[in-house]
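Please open the model in a viewer and keep the selection tool at hand. The tour proceeds by short selections, each followed by a description of what is found there.

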Amino acid sequence: VQLQASGGGLVQAGGSLRLSCAASGRTFSFSTMGWFRQGPGKEREFVAQIAPRGDTTLYADSVKGRFTISRDNAKNTVYLQMNSLKPEDTAVYYCAAELIGSWISQNYNYWGQGTQVTVSS
């Protein structure tokens with residue numbers, strides 16, 4: 001599985017961005033997909049994930065109510081709509097595929113290359 005994230009950029013606080021992650025491989029529609037981020041000087045942290053059929057999602061408390069994860073299995077793509085962005089959302093955002101273990105394990109088999117999101121104050 002190969003993952004290609006895009007959609008990052010520079011935005012002012014309060015603005016919005018939509019990230020996309022295009023996946024190769026026939027197993028996309030059977031795979032839980034996730035988004036993670038790593039801010040400057042910080043460890044990578046979980047942001048959101050979505051079940052294979054899109055009927056179940058999970059969010060980090062820090063983004064709940066502002067970010068929305070979705071997927072289009074026909075296009076092998078997962079999205080992260082980010083609204084009401086804050087400077088502390090500045091990070092490289094990574095998509096991930098094929099959750100290992102339990103729903104809350106945050107352990108994935110495959111990772112994309114990341115896309116930079118910078119939120120100015």
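Begin with the hairpin of strand 5 and strand 6, and select Gly54, which takes a positive phi near 80°. Six residues lie between the two strands of this hairpin. The model is a predicted one. Now display strand 6, residues 57-59, beside strand 5: the two run antiparallel and are joined by three bridges. Within this pairing, Ile50 stands opposite Thr57 of strand 6.

Turn next to the other partner of strand 5. Strand 4 and strand 5 also run antiparallel, with five bridges joining them. Select Phe36 together with Phe46 of strand 5, and the two will be seen to stand opposite one another. The hairpin of strand 4 and strand 5 has six residues between its strands, and there Gly41 has a positive phi near 70°. Is strand 5 itself enclosed or open? Five of its six residues are buried, so strand 5 is largely enclosed by the rest of the structure.

The interior may be examined now. Select Trp35, Val47, Phe67, Ile69, Leu80, Met82 and Tyr93: these have the most contacts inside the largest nonpolar core, which has 33 residues. Strands that each supply at least two residues of this core include strand 1 (3-6), strand 3 (17-23), strand 7 (67-72) and strand 11 (115-120). Which strand gives the most to this core? Strand 9 does, with six residues.

Centre the view on Ile69 and show its surroundings. Leaving aside neighbours within four places in sequence, Ile69 is in contact with ten residues' worth of side or main chain listed here: Met33, Trp35, Ala48, Gln49, Ile50, Thr57, Tyr59, Val78, Tyr79 and Leu80.Proceed to the empty space. A search of the whole structure finds one cavity of 30 Å³ or more, and the largest cavity has a volume of about 30 Å³. To see its lining, select Val1, Ala23, Ser24, Thr27, Phe28, Ser31, Met33, Ala97 and Glu98. By class, this lining has five nonpolar, three polar and one charged residues.

Remain at Glu98, which is found in strand 9. Its phi is near 65°, a positive value in a residue other than glycine.

Finish at Ser84, in the loop between strand 8 and strand 9. Ser84 has a positive phi of about 50° although it is not a glycine. Is Ser84 buried or partly exposed? With a relative accessible area of 41%, Ser84 is partly exposed.

Definitions and conventions. Residues are numbered from 1 along each chain as its sequence is written. This is a predicted model: local features need pLDDT of at least 70, side-chain atom pairs count only at pLDDT 80 or more; totals for chains, interfaces and linings use all residues. Side-chain values use heavy atoms; hydrogens and water are left out. A nonpolar core is a set of buried Ala, Val, Leu, Ile, Met, Phe, Trp, Tyr and Cys residues joined through side-chain atoms within 4.5 Å. Buried means under 20% relative accessible area, exposed over 50%, partly exposed in between (1.4 Å probe, protein chains only). Helices (H or I, at least four residues) and strands (E, at least two) are DSSP runs, numbered from the N terminus. Contact means heavy atoms within 4.5 Å. On a 1 Å grid over the protein atoms alone, a cavity is a set of points where a 1.4 Å probe fits but cannot get out, and a pocket is an open set with protein on both sides within 12 Å along at least five of seven lines; lining residues have an atom within 4 Å of a point. Grid points are joined across faces, edges and corners, and a volume is the space filled by probe spheres set on the points. Ala, Val, Leu, Ile, Met, Phe, Trp, Tyr, Cys and Pro count as nonpolar, Asp, Glu, Lys and Arg as charged, and the others, Gly among them, as polar. Two strands pair if DSSP finds at least two bridges between them.
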